[in-house]
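Here is a short set of exercises to work through with the model open beside you. Try each task first, then compare your steps with the solution.

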Amino acid sequence: MFTPFSLNLRGRLMQFERPAVMGILNITPDSFYASSRATADLDIARRVESMIQDGADILDVGACSTRPGADVVTADEELARLRHGLEILRRVSPDIPVSVDTFRSRVAAIAVEECGADIINDISGGEADGEMFDTVSLLHVPYIMMHMRGTPETMQRLTDYTDVVAEVAEWLQRRVRELSLRGVSDVIVDPGLGFAKTVGQNYSLLGCTEIIGDITGKPVLIGLSRKSMITKPLGITADEALAPTTALNLYALRQGASIIRVHDVKEGRMAVELNELLNGNSIFND
């Protein structure tokens with residue numbers, strides 16, 4: 001079940017009394033779902049406006065694709081894209097909470113200190129850059145820590161778990177302790193669906209969302225939107241994956257997810273509303 005949580009966003013305490021919807025903004029030309037890409041100024045502004053109107057609680061901005069087999073761009077290129085995208089985003093909405101999707105500590109620091117980002121979302125859980133945990137501690141911002149093995153180029157060959165749920169939960173728990181020793185308590189954990197996991201392993205982790213939250217003592221983010229864990233078994237494309245994505249997002253919420261990370265905010269918000277009805281917590285009266 002969902003447990004209310006809060007995040008300290010630059011001195012502003014934001015309370016979440018129901019699961020949050022995080023909308024994806026990819027300022028990249030090569031993210032796996034083409035419709036999520038926005039590089040032109042007008043496209044970025046329109047996507048930001050649309051996601052906010054559809055009910056996004058947080059926007060997650062990425063400027064370096066991490067899809068399986070992706071070519072990782074340089075830090076300078078990632079920064080240039082982020083500066084451009086965040087400038088436009090903040091013109092549209094100065095107040096919407098923004099996370100920056102990066103595994104580089106220097107990029108994270110500049111995004112927070114100069115570009116208006118509020119949260120760091122790191123797919124490597126601090127393993128790709130040894131300075132990341134210290135940077136998060138110095139910045140005093142919430143940190144989303146995802147589990148992954150290897151790199152985007154190699155991760156799909158690194159799926160030899162004995163017990164995927166136990167191993168991922170133990171890794172996240174250990175990293176949470178390491179952050180705690182640095183004074184970082186505002187942490188969200190992400191089991192990393194699609195990252196160094198087989199289709200079956202992804203579903204095992206999804207079904208144990210609440211267990212992962214209990215073991216780590218932290219809110220859990222689930223990001224499964226239009227991923228291959230959906231498209232491969234159903235024999236469909238990412239463009240055709242909205243309905244099963246929405247179904248699985250509702251399942252994730254039933255399993256205790258605190259945040260769902262989505263390409264399609266309107267449908268994600270609907271999943272949250274349906275979950276509230278199932279819990280008997282809806283604002284709607286019979």
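**Exercise 1. Decide whether Cys115 is buried or exposed, and find out why its sulfur has no bonding partner.**

Solution. Start with accessibility: Cys115 has a relative accessible area of 14%. Buried means under 20% relative accessible area, exposed over 50%, and partly exposed in between, with a 1.4 Å probe and protein chains only. Cys115 is therefore buried. Next, look for a partner: the closest cysteine sulfur belongs to Cys64 and is 16 Å away, too far for a bond. A disulfide is a pair of cysteine sulfur atoms within 2.5 Å, and the structure holds zero of them. Cys208 can be classified by the same cut-off: its relative accessibility is 18%, so Cys208 counts as buried.

Before going on, keep in mind that this is a predicted model, in which local features need pLDDT of at least 70 and side-chain atom pairs count only at pLDDT 80 or more, while totals for chains, interfaces and linings use all residues. Residues are numbered from 1 along each chain as its sequence is written, and side-chain values use heavy atoms, with hydrogens and water left out.

**Exercise 2. Work out how helix 4 (residues 132-139) is placed in the structure.**

Solution. Helices (H or I, at least four residues) and strands (E, at least two) are DSSP runs, numbered from the N terminus. First, list the buried residues of helix 4: Met132, Phe133, Thr135, Val136, Ser137 and Leu139. That makes six of its eight residues, so helix 4 is largely enclosed by the rest of the structure. Second, ask what surrounds them: the buried residues pack against helix 3 (105-115), strand 6 (119-122), strand 7 (143-146) and helix 5. Third, check what comes after the helix: His140 follows, with a positive phi near 55°.

**Exercise 3. Which residues does Met132 of helix 4 contact, leaving aside its neighbours within four places in sequence?**

Solution. Begin with burial: Met132 has 0% relative accessibility, so it counts as buried. Then collect contacts, meaning heavy atoms within 4.5 Å. Beyond its sequence neighbours, Met132 touches Thr102, Phe103, Arg104, Ser105, Ala108, Ile120, Asp122, Gly126 and Tyr143. As a distance check, the C-alpha atoms of Met132 and Arg106 are separated by 8.3 Å, with their positions 26 residues apart along the chain.

**Exercise 4. Find the residues that touch the most other members of the largest nonpolar core.**

Solution. A nonpolar core is a set of buried Ala, Val, Leu, Ile, Met, Phe, Trp, Tyr and Cys residues joined through side-chain atoms within 4.5 Å. The largest one has 77 residues, and Leu89, Ile120 and Met145 touch the most other members. Its largest share, eight residues, comes from helix 5 (residues 164-181). Now zoom in on Ile120: setting aside neighbours within four places in sequence, its contacts include Val100, Val112, Met132, Leu139 and Ile144. Another core, of 13 residues, lies apart and has Phe5, Ala20, Met22 and Ile259 among its members.

**Exercise 5. How many aromatic pairs does a search of the whole structure find?**

Solution. Rings of Phe, Tyr and Trp (its six-membered ring) pair if their centres lie within 6.5 Å; planes under 30 degrees apart count as stacked, over 60 as edge-to-face and the rest as tilted. The search finds three pairs. One of them joins Phe2 and Phe5, edge-to-face, at 6.2 Å centre to centre with 70° between the planes. Both of these residues are buried. Another joins Phe133 and Tyr143, also edge-to-face, at 5.7 Å and 80°. This pair links distant parts of the chain, with Phe133 in helix 4 and Tyr143 in strand 7, ten residues apart. Finally, Phe2, Phe5 and Phe16 form one aromatic cluster.

**Exercise 6. Where is His263 found, and which side chain does it join in a polar contact?**

Solution. His263 is in the loop between strand 10 (259-262) and helix 10 (265-279). Its relative accessibility is 5%, so His263 counts as buried. A polar contact is a pair of N or O atoms within 3.5 Å; within protein, one must be able to donate a hydrogen and the other to accept it, and residues adjacent in sequence count only if both atoms are side-chain atoms. The partner is Ser225, at 2.6 Å between the side chains.
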